[in-house]
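Work through these exercises with the model open beside you. Try each task before you read its solution.

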Amino acid sequence: MKEKSIIKFENFSFRYDSANEFILKNINLEINKNELVILAGPTGCGKSTLLRSIIGLIPHMHGGEYKGRVIVDQLVVNDVKITDLAKKAGFVFQNPENQIFMFSIERDIVFGLENLGTSRTIMKERVDSILSLLKIEHLATKAPHELSDGEKQKAALAGILAMQPKILILDEPTSLLDPKTAIDFINIVNDLRKKIGMTIVIVEHRLDLVVGIADKLIILSNGKIIENNNPKQVLHYSNQLIPEIGIPVISRLYRNLAKSNYDFDNVIVTVKDMVKEMRRKKFND
Amino acid sequence: MIEFKNVNYIHVNGIQALKEINLSIKPKTINALVGSNGTGKTTLARHINGLLKPTSGNVLVFGKNTKKISVASLSKRIGMVFQNSNHQLFADTVKNEILFGLNNFETDSQIKKNRFEWALNFFDLKKYENTSPLKLSGGEKKRLCIASVLAWNPEVLILDEPTVGQDQVQKEKMLKFISNLNKQGKTIIIISHDLEFLWPLKPNTIVMAKGRIKKTGKMTDIFSDDELLNQTCLMRPQLLDLWMKLNIKEEPPGDITEATDAIRRINGS
């Protein structure tokens, strides 16, 4: 039987040693292969803990009370070594300075590959193709401190992508970037997902950047999943949308108009959708 | 009230961060400073309260040249909230953090007491009065930074990326108090990438690119200019984008309520 899901949480709960309360409570969740999934929720709701549980930082680095199971590409996280998981899932941190540390970007990219025992020929190929893919060939010999925030973010991504993970986890990857650079970054990883097949889990506060391309929007609140569905469904029909979630302006407008008995034929996520819908209604002709 | 005249600034490492800046900021206005990463926005803001002095050219604040007055005397009238709260907070308790600036700039003990109480309550920090600032969440730290600065009642408030790490509820609160402070006569200068946040404030907008000012004007005019947006890594706020694509001639709406009303009116429903 072919397994559809690549990440699976089964009755999963976790409490950090230092805390009295469980930060994640009885999570049941399946993420399918090659999906792009957005994880949202107020600060302190357990988003980072959920991400750490996928790559095995929990329970292997952060101790605590662990209940249930997390299965990543058929490996039970609790039963395998963190290095086995590293081959499956790559993690790009919120702050790229926590991630890139070698004296040149090229060296930084091969660092992970060397640890996985990759041959020199393959390493060379991988580095070249990643640099050209992200259009950062000119950064190869630069030191991390010579890079702008946007370049650092791409360099951190390059180091992870070189290992060709099946799963890519991005924790607020665009928080330091200006709007255009942020969109470029999101488009690059999404194109790559389509080209080589990759599952992406992303924590992103600027939902307007990602709702148009995501398969699912998961909302966490107080350690529980309160929504898990197609972003259009969640943004437009959910009664659970807590005020802390930054719903894109256009979606809020749609909800407002729909509430005042304005008929829409389609669900609207982007300005383009709204314009199409208005034109169909011969708006302002 | 704030004038930049042919200002150039060269960092110690030889990089020129500001190039031929000419700028005039009027009293009691809300101003937004926008542009891509590393384009000189923060450097420009630091010239206003005298933390940095021009390599050439002059900055005049309240008619005085910043080269000739102390940062302390400027700070009393110009409050600056830094992007990274950790660079600003240093006291052992929330109470002492707020009192620090107040003690330096205010002598009347009754006024001091009133303003302290106001800052503590207005920013929902009363329950943390005796807590260490380091134990607060990112959003709470930011509120404390703003509270400490507003406590001494400066005439100008500079906010550097105030919405980073804030959720939607906190952003809306911030929008309200910025607009209220402005109505009370304060001059506000906001540096931000968060254009959707700035849009309802209808600020005078200053666009920077590579150390230069590319354009200044109303947000609607600036963000109608496709070429400028491309050059400066900016994106059009969604409501303006919608208005332009639908070719609606009337003034674009400031918020969702205004947009809903306008659409219903135009559509005759």
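**Exercise 1. A bridge between strands**

Which residue in S5(A) is the bridge partner of Val72(A)?

Solution. Bear in mind that this is a predicted model. Start at Val72(A) and look across to S5(A): the partner there is Leu75(A). Next, look at the two strands as a pair. Strand S4 (residues 64-72) of chain A is joined to S5(A) by two bridges. The two strands run antiparallel.

**Exercise 2. The sheet and its edges**

Find the order of the strands in the open sheet of chain A, then explain what is special about its edge strands.

Solution. First, recall how a sheet is held together. Strands pair through backbone hydrogen bonds, in parallel or antiparallel fashion. Now read the order across this open sheet of four strands: S2-S1-S4-S5 (chain A). The pairing is antiparallel. Then go to the edges, where S2 (24-32) and S5 (75-76) of chain A stand. Each has a single partner strand, so one side of each has no neighbour in the sheet.

Last, add the helix. Helix H1 (residues 47-55) of chain A lies across S1 (5-16), S2 and S4 of chain A. Its direction makes an angle of about 120° with S1(A).

**Exercise 3. Two helices in contact**

Describe how H10(A) and H11(A) pack, and class the residues of their contact.

Solution. Locate helix H10 (residues 249-259) and helix H11 (residues 271-280), both of chain A. Their axes are 9 Å apart, at an angle of about 35°. The crossing is left-handed. Now list the contact residues. H10(A) supplies Ile250(A), Leu253(A), Tyr254(A) and Leu257(A). H11(A) supplies Val271(A), Met274(A) and Met278(A). Finally, class them: seven are nonpolar, none is polar and none is charged.

**Exercise 4. Backbone exceptions**

What is the peptide bond from Ile58(A) to Pro59(A), cis or trans? Is the phi of Asn11(A) positive or negative?

Solution. Begin with the usual case. Most peptide bonds are trans, and most residues other than glycine have a negative phi. The bond from Ile58(A) to Pro59(A) is cis, with omega near 5°. Pro59(A) lies in helix H2 (residues 57-60) of chain A. Asn11(A) has a positive phi of about 40°, though it is not a glycine. Asn11(A) sits in strand S1 of chain A.

**Exercise 5. An enclosed space**

Which residues line the largest cavity?

Solution. A search of the whole structure gives one cavity of 30 Å³ or more. The largest cavity holds about 40 Å³ of space. From chain A, the lining takes Pro42(A), Thr43(A) and His205(A). From chain B come Gly165(B), Gln166(B) and Asp167(B). By class, one lining residue is nonpolar, four are polar and one is charged.

Methods: Residues numbered from 1 in each chain as written. Chains lettered and ligands numbered in written order. Predicted model: local features only at pLDDT ≥ 70, side-chain atom pairs only at ≥ 80, totals over all residues. Heavy atoms only, no water. Pairing = 2+ DSSP bridges. Contact = heavy atoms within 4.5 Å. Axes fitted to C-alpha atoms, helices over the stretch in contact; angles between N-to-C directions. Left-handed = near helix turned anticlockwise from the far one by under 90°. Nonpolar A, V, L, I, M, F, W, Y, C, P; charged D, E, K, R; others polar. 1 Å grid on protein atoms, 1.4 Å probe; cavity = no way out; pocket = protein on both sides within 12 Å on 5 of 7 lines; lining within 4 Å. Points joined across faces, edges and corners; volume = space filled by probe spheres on them.
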